[in-house]
Amino acid sequence: MLRYVLTRFAIWIPSVLVVMLAVYALAFYGAGDPIKLIFLRAPGDVAYNPQRIEAIRESAGLNKPFIVQFGLYIWNLLHGQFGNSLTSGRSVWAMVSAAAPVSFQLALCSIILTAVVAIPLGMIAALNQNSRIDYAILGSALFLWAIPAYVAGPLLMVGLIVLLPGASVPYGWGGIFDVRILLPLLVLSFQPIALIVRQTRAAVIEVLSEDFVRTARAKGVPEIIVALRHILRPVLTPVVTQLGLIMITIVNGAIFVELVFGLPGLGRLTVQALINSDYPVILAITLIGSFLVMVSNLLVDVLYPLLDPRANDSRRSR
């Protein structure tokens with residue numbers, strides 16, 4: 001297993017380099033010049049001082065060729081240096097490390113909420129296939145999947161104020177146990193819940209036709225025992241494979257959720273960096289997002305043989 005994990009990490013290195021190269025190329029050849037934007041936002045006529053603009057660009061190393069800038073960035077990255085923000089001058093690592101805990105806590109709670117809600121609902125829908133319960137759960141899942149986070153967030157916030165006029169607006173961050181986290185957590189979990197409900201339902205329907213399930217039912221084993229002992233474990237195998245897709249959905253949704261609800265996480269930091277064309281911050285967040293998706297995929301590959309021993313046997317046979 002250790003050899004397999006190390007091999008996957010070795011394969012990821014060129015993948016991460018390609019992603020960073022693409023993002024760096026978009027930043028280098030993009031229309032937004034961060035130095036000019038700094039001057040354009042400044043008061044007075046300093047925006048029309050090309051000599052000063054060029055001096056700042058040279059001090060920041062932005063006047064060098066593309067491949068040289070990218071090579072220097074990778075070299076600094078290998079030494080643990082993410083650079084400084086072009087707009088605020090703060091350390092990028094300090095900015096990211098201050099915002100990352102908020103996003104990580106929100107993502108972890110979203111995954112837990114998705115598993116606790118979606119897997120039982122998917123099993124209930126499959127065990128009552130083609131019934132009103134099944135149609136209601138599937139219809140709700142399709143409804144949740146069709147609503148993007150940037151629509152669900154403002155609608156729920158307005159609905160809360162309309163239904164409860166005395167309620168305060170759930171805006172800001174007070175920790176993971178703050179009541180204000182409930183609404184953004186629901187919005188962030190809508191699409192993952194819909195995805196896992198459909199995946200669980202399909203997996204349970206497939207497992208119900210297996211011989212060991214029919215044998216357990218023929219022996220008179222209670223339905224709850226059949227569901228928990230004989231159906232749940234094989235169902236978790238295809239559900240766990242969706243972890244990478246869930247992580248992508250959460251990372252994308254966090255950008256809008258954190259902006260709408262005023263959460264000081266990586267999503268809000270990403271929007272601010274994009275508005276200011278703060279390329280060092282954008283690159284650092286892109287690197288973290290890519291790493292999270294890759295780690296989730298690795299976690300799936302490690303858990304898969306534990307849930308399905310046949311996958312481990314096939315891997316050894318190779």
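How many salt bridges does a search of the whole structure find? The search finds three. The model examined here is predicted, and the values below are computed from it. Side chains of opposite charge can pair when their charged atoms come close.

| Acidic residue | Basic residue | N to O distance |
|---|---|---|
| Asp134 | Arg201 | 2.8 Å |
| Asp178 | Arg180 | 2.6 Å |
| Asp211 | Arg214 | 2.4 Å |

**Asp134 and Arg201.** The side chains of these residues meet in a salt bridge, with 2.8 Å from N to O. Asp134 belongs to helix H6 (residues 132-146) and Arg201 to helix H8 (residues 182-208), so this pair ties together parts that are 67 residues apart in sequence. Asp134 is buried, because its relative accessibility is 0%. Arg201 is also buried, with a relative accessible area of 15%, which is under the 20% limit that defines the buried class.

**Asp178 and Arg180.** In this salt bridge the closest N and O atoms are 2.6 Å apart. Asp178 counts as buried because its relative accessibility is 19%. Arg180, at 28% relative accessibility, counts as partly exposed. The two residues therefore fall on either side of the 20% cut-off for burial.

**Asp211 and Arg214.** The closest N and O atoms of this salt bridge are 2.4 Å apart. Both residues lie in helix H9 (residues 211-218), where a spacing of three residues corresponds to about one turn of the helix. Arg214 has a relative accessibility of 45% and therefore counts as partly exposed.

Notes:
Residues numbered from 1 in each chain as written. Predicted model: local features only at pLDDT ≥ 70, side-chain atom pairs only at ≥ 80, totals over all residues. Heavy atoms only, no water. Salt bridge = Lys/Arg side-chain N within 4 Å of Asp/Glu carboxyl O. Helix = DSSP H or I, 4+ residues; strand = E, 2+ residues; numbered from the N terminus. Buried < 20%, exposed > 50% of the residue type's maximum accessible area, 1.4 Å probe, protein only.
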